[in-house]
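Trainee: Could you pick a single part of this structure and take me through it closely, and then move outward to what surrounds it? Please explain it as you would to someone in their first year.

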Amino acid sequence: MIAPTAPEGTRFDAIVVGAGIAGLVAATDLERRGHRVLVLEHNHQAGGLMSGMWRKGFYFDVGCQSFEDMGIVFPLLEQYGLSDLARFRRARYRVVMPGVDADVESLPQVRDALQRAYPEAADGLGRVFALHQRTSDLVRKLFAPGAPPYVRDERATSLVRWVGSALGVPASNPGALLQRLRDLRTWMLDDFTAWYERELPPSGVRDLLSRCGYTRMNVFVASAFWHLWAHDYWYPEGGLQRLFDAWVERLAARGVAFRFKSTVTALEKRRGRVTAVVTRQGARFEADEVVYTGDYRAAVHRLIGPEHFGRDELDRLERTRHSDALVSAYLGLDVPREELRERLRTSHVFYFPSFGCRTALSDDPAAHGRAFVEVTAHGVGDPTLAPPGRSAVVVQAFTRHDWQDGWRTGLSGDPAREQRPGPRPAAYRALKRAVAGELAGILEGLLPGARGRVVFSDVGAPPSAVRFTRNAFGGTCGFELNWRNFPFANPLAHVQTPLDNLHLAGHFTVWPGAVPTAALSGKIAALRADEALRRSGRGRSRPAAQAPSGAPAPSSTHGEAA
């Protein structure tokens with residue numbers, strides 16, 4: 001990766017901590033407004049939970065396997081003149097469960113497949129998918145390209161208008177307005193498990209729909225996922241890491257400085273402001289404004305200091321649950337791409353081997369052998385991701401950091417308590433290998449003989465995620481995907497801190513925490529930092545530059561794929 005580094009003693013207008021999507025959006029926005037920017041990243045490369053790796057000629061995305069646009073990501077890339085960084089293709093989904101094998105092309109098509117397979121639950125499935133369709137209609141409206149607040153309309157009032165549009169039903173249609181109010185209550189306040197159990201009769205399909213998914217997510221998130229699987233997951237040709245490497249190179253060419261393997265461990269503070277950012281190596285950097293995109297608990301307890309927060313705020317943070325973690329088996333298979341495409345059909349497959357699958361994980365060492373999994377193989381549409389005649393496959397299942405005593409590391413997984421990544425004992429490595437074997441065994445239900453065709457294997461467990469991203473407990477979506485669990489009053493975004501020139505971004509600051517909302521939080525934090533720089537006259541602000549004439553719009557970089 002080619003990027004300019006910054007010598008100690010150099011002063012910047014803004015420092016961005018973290019080079020995931022929130023950090024790169026913040027850095028891009030600040031640079032486009034004329035500011036001198038430094039990005040400090042804990043890992044050896046950009047990407048955060050969207051990063052990837054090459055092993056023995058196989059490419060694997062190590063966290064997110066594709067991403068949603070939601071009217072945010074592509075408009076921001078276009079706005080910043082970055083639409084040409086990659087060609088994006090639709091990442092399509094397939095669902096396989098007892099009695100059902102359906103590519104997810106539309107909500108009516110999935111509903112019909114489930115009703116044919118489970119006639120005893122047909123009426124309930126009709127009600128369930130009627131609400132999913134209303135969710136889909138609302139998502140199309142709220143997340144039309146550029147429609148979310150701050151994407152194009154950067155005024156604070158855009159948030160109020162956007163939220164108000166959720167009630168956008170003509171007053172002349174009181175029945176529709178009443179239905180929307182009922183839906184809003186269900187979407188935001190009901191737990192998906194209790195809702196499915198209420199809407200569907202006792203059955204295997206009810207068990208799967210109500211027990212498999214992010215723990216305690218609300219109905220809106222569970223319902224919106226069906227829309228996103230059918231219409232709005234994307235993947236860049238060449239892999240996510242290639243996208244992020246190209247993004248860093250483009251920013252470097254524009255003058256943004258980067259320092260990788262630079263973990264921020266302290267903030268020097270004076271009179272309620274950050275005066276310098278200090279790394280584990282002792283390097284010290286000064287800037288007028290700081291955008292922090294890392295773990296929220298570490299920010300509170302390690303960087304800002306708990307003394308700057310009220311007792312109620314700290315207690316609420318302790319009660320707030322984090323989103324589920326994932327365990328990922330990275331498998332290089334001696335399987336030609338053509339054979340893999342015939343077997344899997346799509347980039348993503350949700351595979352439920354039995355009606356007994358569930359997210360909840362017992363402490364049984366063999367618990368993952370009974371999991372439902374997401375199988376990802378972008379190589380079915382991109383031959384560059386594996387050696388000729390072979391294929392790269394990622395098999396993921398939900399898990400917890402505290403399973404088997406922190407995967408036999410003895411660690412809590414909380415960077416607020418454990419400032420340095422802990423050791424990786426032999427017992428931890430052995431447990432990871434055992435789980436990888438179990439996940440490969442589940443894959444055999446889709447790809448018979450898969451275990452005997454593994455030529456490369458590695459595993460990412462929650463301690464791995466903590467080590468590379470410093471996200472507490474290896475969580476994948478920030479805080480739990482439950483509106484009532486979110487610890488802040490403003491879901492978009494909790495930017496302000498007790499320190500005047502420190503602004504927060506990333507998936508802990510938004511609800512729900514996801515790729516597009518994290519990206520948007522980066523812009524919101526950058527807008528706040530830019531406003532402070534302009535107000536004080538310290539920075540060199542100019543209006544944000546638009547995409548250069550002739551830069552391709554996102555639609556011209558979209559294609560179709562499996």
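**A strand, its sheet and the spaces around**

Mentor: Start with one pair of residues: Arg-94 stands opposite Asp-103 in strand S8. Keep in mind that this is a predicted model. Arg-94 belongs to strand S7, which covers residues 93-97, and S7 is the part to look at closely.

S7 is mostly covered, since five of its five residues are buried. Here buried means under 20% relative accessible area. Tyr-93, Val-95 and Met-97 point one way from the strand, while Arg-94 and Val-96 point the other way. Residues on either side are buried, the charged Arg-94 included.

Next, consider the neighbours. Strands of a sheet pair through backbone hydrogen bonds, either parallel or antiparallel. S7 has an example of each kind. With S8 (residues 100-103) S7 runs antiparallel, and four bridges join the two. S7 and S8 form a hairpin with two residues between the strands, and in this hairpin Gly-99 takes a positive phi near 85°. With strand S15 (residues 348-351) S7 runs parallel, again joined by four bridges. Across that pairing, Val-95 stands opposite Phe-350 in S15.

Phe-350 is a useful place to continue from. In strand S16, the bridge partner of Phe-350 is Glu-374. S15 and S16 pair in the antiparallel sense, over four bridges. Glu-374 in turn stands opposite Gln-396 in strand S17, and three bridges join S16 to S17, which run antiparallel. S16 can be read in the way we read S7: Val-373 and Val-375 point one way, Glu-374 and Thr-376 point the other way, and these residues are buried.

Now put the strands together. They belong to an open sheet of seven strands with mixed pairing, in the order S8-S7-S15-S16-S17-S14-S18. The edge strands are S8 and S18 (454-460), each of which pairs on one side only. From one strand to the next, the twist averages 15°. At the S18 end, six bridges join strand S14 (residues 325-333) to S18, and these strands run antiparallel. One of the pairs there is Leu-331 with Ser-457, its bridge partner in S18.

Helices also meet this sheet. Helix H3 (residues 107-117) packs on the sheet and touches S7 and S8, and its direction makes about 170° with that of S8. Helix H13 (residues 337-344) lies across S7, S15, S16 (373-376) and S17, running at about 40° to S17. S7 therefore has a place in the lists for H3 and for H13, where contact means heavy atoms within 4.5 Å.

S17 leads on to the empty spaces in the model. There are three cavities of 30 Å³ or more. The largest cavity has a volume of about 70 Å³. Its lining includes Tyr-59, Phe-60 and Asp-61, together with Thr-376, Ala-392 and Val-394. The elements that give two or more residues to this lining are strand S4 (58-61) and S17. S4 gives the most, with three residues. By class, the lining has seven nonpolar, four polar and one charged residues. Notice that Thr-376, one of the lining residues, was among the buried residues of S16.

The second largest cavity has a volume of about 50 Å³. Among the residues lining it are Ile-21, Met-50, Phe-67, Leu-243, Trp-247 and Val-515. Helix H2 (73-79) and helix H10 (240-253) are the elements that give two or more residues to that lining, and the largest share, three residues, comes from H10. The lining divides into ten nonpolar, no polar and no charged residues.

A pocket, unlike a cavity, is an open space. About 550 Å³ of space lies in the second largest pocket. Of the 26 residues that line this pocket, the closest to its centre are Thr-215, Arg-216, His-322, Asp-324 and Arg-400. Helix H7 (192-199), helix H8 (204-211) and S17 (391-399) are the elements that give it two or more lining residues. This lining divides into eight nonpolar, ten polar and eight charged residues.

To retrace the route: S7 is a strand of buried residues, paired with S8 on the antiparallel side and with S15 on the parallel side. Further along the order of the sheet comes S17, which gives residues to the lining of the largest cavity and of the second largest pocket.

Technical notes: Residues are numbered from 1 along each chain as its sequence is written. This is a predicted model: local features need pLDDT of at least 70, side-chain atom pairs count only at pLDDT 80 or more; totals for chains, interfaces and linings use all residues. Side-chain values use heavy atoms; hydrogens and water are left out. Buried means under 20% relative accessible area, exposed over 50%, partly exposed in between (1.4 Å probe, protein chains only). Two strands pair if DSSP finds at least two bridges between them. On a 1 Å grid over the protein atoms alone, a cavity is a set of points where a 1.4 Å probe fits but cannot get out, and a pocket is an open set with protein on both sides within 12 Å along at least five of seven lines; lining residues have an atom within 4 Å of a point. Grid points are joined across faces, edges and corners, and a volume is the space filled by probe spheres set on the points. Axes are lines fitted to C-alpha atoms, for helices over the stretch in contact, and angles run from 0 to 180 degrees between N-to-C directions.
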